Each structure stands twice: as structure tokens, then as C-alpha cells.
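Visitor: I have a structure to look at and would like a short tour. Could you put it up?

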Amino acid sequence: MATTRFALTPESAHFPATNFPALSSVNARPVLAFDTTTSETCYWTVVAPQGLTGALSAIVHFFGNAAGTAGVAFDVAVEAITPGDAVDLDSATSFDTVNGGNVATLATQGHQTSVSITLTNADSIAAGDYVRISLARDIADANDTFAADAYVTLVEIREA
Amino acid sequence: MAVLTTQQRGEIHAYLCRRFGYGVVTKADVQAVVNATDQWQDDNAAAFNTALPEPGKSALSLTQKTIIFCYVALKRAGIEV
């Protein structure tokens, strides 16, 4: 049975110095507004929960800031650091290779859809690790054709 | 006056997609419309200026005439300015 490991909300995200999605509100719902022409990234920090053993997937919930059906592509990457790892947190990152997925927006503006992205590259995550999860809209992906912002409402990290 | 550069056309595309959003066509479709609009304006700039009456044609600056052009176009499309 699948288990929800994390529910990553817009307000718990943190951001790089440049090219990050705007933290906004739509109908009193917090959203991360991912632009269609600028690659924007945000992060969440979590601890890998005890009992974590299975494969993970990220389910990105979003809706489009315009009516119409077109594709939106996202990249999710995982950085898992075990105490004692030789990663200089002062100056380096160690994200694993990105995992990508895409789905079409729904025709009606405001209707939410989701894309499930299998985290094949999960940086050998293990229980107790310090973990960062990055989310970016892959505007260069040929499947990313939606000509408006994608409003991300939630990201679920699910264990298969 | 030459057409805009690819960079400038891209900046227009980026702004319009973020500001307004176009869900019924793709990003590439919007860029194509931006490019064609720029090309049409370049092709027809002289004809537009020729159509203007004096003394406005000679006395008004390029900026002033461009703003008039845009305001008339917006009003014709029912967009309040």
C-alpha cells in the first residue's frame, strides 16, 4: 500500500537567490507560480522518515493560469545527505540526476490536475538523512507547451 | 527601422505569457504571433505614417505617434485604457 511520506506546501518552500517561482495566492489558496519562459526552481527540506525503504514518487498538483489544454513539464531532484557524508554544505550541492514528467492542463481554468514522477534518481535516500527536494518547471522540455504560469498547490512525496 | 531582435521578441513573449497567459495555444504559437506582429508593423510603418494628416504627421514624435497607434488599437479591441 502506498504511503504519503511528505506533503510539501507552497509556504514551506524555500528559494534560490534568483529564478524562483513567486509565492502567491489564488482564491486564498497558496500557490507557487512557475513561469512558462523562465526556468524557476524551489526547494523543500525534510528528514527522511524512519521506516523508509521503498521507491518514491513525487505527485505534483497544479493548475494553469489560463483556460486550455497544453503540456506542463516538471523536474524533481533529490539531495540526500547522511551525517558523515563528504559534502561541503558551505559551498556544494549534491542533487542526484533530475526526474522528469509532464501532463496536460485541464481545459477549464482553475481545474487542478497532477503529474506523478517516479523518483528513480533519489540519491540513495535512507531513513534519517537530511534531504532537500527541488522542483522546477522544465520549460525547455518539448512537452512543456502551456503558455502561462503553472500554479503548484502541493507536492506529495509517496512511497510505493 | 528594423524588426526587433530575437531577444527582444522573446522578452515580449515572456512578458505576455506571464502577464496574461494563453492556454488555448502553445508557447511556440504565441511566439509566432509576436514575431508576425513585429514583422507586420515593420512592413507597414511607412504606410501608417503616410496616412496621418498634417500637421500631426510631421510635428508628433515617433513615440507620440506610436502611443496613439496603440491606444486606438486597444480601444478598437474593447480594451479600456
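Visitor: Which element of chain B has the lowest mean pLDDT, and which the highest?

Guide: Strand β1(B) has the lowest mean pLDDT, 93, and helix α2 (residues 27-51) of chain B the highest, 97. pLDDT is the predictor's confidence in each residue, from 0 to 100. This is a predicted model: local features need pLDDT of at least 70, side-chain atom pairs count only at pLDDT 80 or more, and totals for chains, interfaces and linings use all residues. Residues are numbered from 1 along each chain as its sequence is written, and chains are lettered from A and ligands numbered from 1 in the order in which they are written.

Visitor: What does chain B average?

Guide: A pLDDT of 95, with 100% of its residues at 70 or above.

Visitor: And what are the model's ipTM and pTM?

Guide: ipTM is 0.78 and pTM is 0.89.

Visitor: How many residues does each chain put into the contact?

Guide: Chain A gives 17 residues and chain B gives 13; two residues are in contact if their C-beta atoms, placed from the backbone, lie within 7 Å.

Visitor: Which strands are joined by bridges there?

Guide: Strand β10 (residues 146-147) of chain A and strand β1 (residues 22-26) of chain B run antiparallel, joined by two bridges. Strands here are DSSP runs of E, at least two residues, and helices runs of H or I, at least four, numbered from the N terminus.

Visitor: Which residue is the partner of Ala147(A)?

Guide: Tyr22(B), in β1(B).

Visitor: New topic: what comes just after α4(B)?

Guide: Gly78(B), with a positive phi of about 80 degrees.

Conventions. Two strands pair if DSSP finds at least two bridges between them.
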